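Trainee: Got a minute to go through this one with me? I have a few quick questions.

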Amino acid sequence: MEGLQQIYINAISMITPVGANLSMTSAAIRAGRNVYRESSVLGNNLALLKIAPVPISNDDLWIPNIPPERWLYRQQRSQRMLGLAIAALNEILPSCPDTALPLFLAGPESVHSTAIDGYFLSLISMAFPNRIDHQSSRLIATGRPVGLEAVDLAYRYLSQTGATSVLVGGVDSLIDLRTLGALASEARISSLGITDGFTPGEGAAFILLSARKNAESFAVVREPGIASESGHRYSKEPYRGEGMANAFRQALNNYNGPPVDTIFSAMNGESFGTKEHGVAVIRNQQHLSPTFKLEHPADCFGDLGAAIGPILIGLAANDLRSKRTQRTALVCCSAEQETRAACALTTTHLTR
């Protein structure tokens, strides 16, 4: 499998604040549905913080029993993430090969608090015996771009091992008192009087990536471009926008095909992300269609943290298969810290 040049997306599952699966989520976004609502949590300005939760209670999610010594997984955020991840895996596994697959999982950054660690993969493996290859699975916890980093890892894994398929996924929930409190202390959550903020959301998504095309293939995902932004939000370095621009450039060089029709961005409404996107587009405009569309579905379901990468890839792949995007889509995500990532998706009949 050395020299693998393209990977096929053969199945997609997701659960988001606007839908219990890919079809529902895609339809809600096309309709412009917005599910923001006020929480019961007050920000520093004594205004209620906005959130965008998945409309399913923990009582309706299956969450495994956690040993008392695993205190991290008895907390609200980790419990919620477990339930959402298991729900999304239950949807995709019937479409996967009947063997144990490696899972490359995107998890939250440890900027404000640690949400999960390697034990999360152990719990997932125990929940799906003989379906998840725990020994070959990996957790990557760098936030929004990590789903694209997981695709990069999938390229290397499939090329080096000769395996045919791997699962890539992401899960996160920003609707947690500790997380909300930390973000509110920085005046970053939308509420009355906060105009340069975002709405915390939650979700999970999984993608079956395969070296072989089949009748159900959605699209081809190309090798991602991954770069660093020295002037990120929590850095003292000046912001120049080079990280995302370089991620765009690498992803488009890896792809080297027709101009991009649609960009699917993880921008969440904060001005920092808007400026970064503008720099990346200007520096890579020769690879973009003059009439490219920009999709930023956080307008509908909020910021989904580490889940957003696989969700954007899933939405882009669905648009390519349904021909709402004609030839090429570009997915891009920024971390709270330095990581920036982008990847191109094409229809299954386009080759290098």
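Trainee: Which handedness does the crossing of α6 and α7 have?

Mentor: Happy to help, and keep in mind that this is a predicted model. The crossing of α6 past α7 is right-handed.

Trainee: And at what angle do the axes of those helices cross?

Mentor: Roughly 40 degrees, with the axes of α6 (residues 242-255) and α7 (residues 271-283) coming within 8 Å. That makes α6 and α7 oblique to each other, because angles from 65 to 115 would be needed for roughly perpendicular and under 35 for roughly parallel.

Trainee: Which residues meet there?

Mentor: From α6, E242, M244, A245 and F248; from α7, E276, V279, A280, V281 and R283. By class, that contact has six nonpolar and three charged residues, and no polar ones.

Trainee: Switching topic: how many aromatic pairs does the structure hold?

Mentor: Three. One of them is Y73 with Y119, an edge-to-face pair with 5.4 Å between centres and 65 degrees between planes. Y73 sits in the loop between β3 (48-51) and α2 (76-92), while Y119 is in helix α3 (residues 119-127), 46 residues apart.

Trainee: Is Y73 buried or exposed?

Mentor: Buried, at a relative accessible area of 1%. Y119 counts as buried too, at 14%. Y73 also pairs with F120: the centres are 6.3 Å apart and the planes at 40 degrees, so this pair is tilted. Y73, Y119 and F120 form one aromatic cluster.

Trainee: Last one: where does D152 lie?

Mentor: In helix α4 (residues 146-161). D152 is buried, with a relative accessible area of 19%, and touches P224 and I226, leaving aside residues up to four places away in sequence.

Conventions. Residues numbered from 1 in each chain as written. Predicted model: local features only at pLDDT ≥ 70, side-chain atom pairs only at ≥ 80, totals over all residues. Heavy atoms only, no water. Helix = DSSP H or I, 4+ residues; strand = E, 2+ residues; numbered from the N terminus. Buried < 20%, exposed > 50% of the residue type's maximum accessible area, 1.4 Å probe, protein only. Contact = heavy atoms within 4.5 Å. Axes fitted to C-alpha atoms, helices over the stretch in contact; angles between N-to-C directions. Parallel < 35°, antiparallel > 145°, perpendicular 65-115°, else oblique. Left-handed = near helix turned anticlockwise from the far one by under 90°. Nonpolar A, V, L, I, M, F, W, Y, C, P; charged D, E, K, R; others polar. Phe/Tyr/Trp six-rings, centres within 6.5 Å; stacked < 30°, edge-to-face > 60°.
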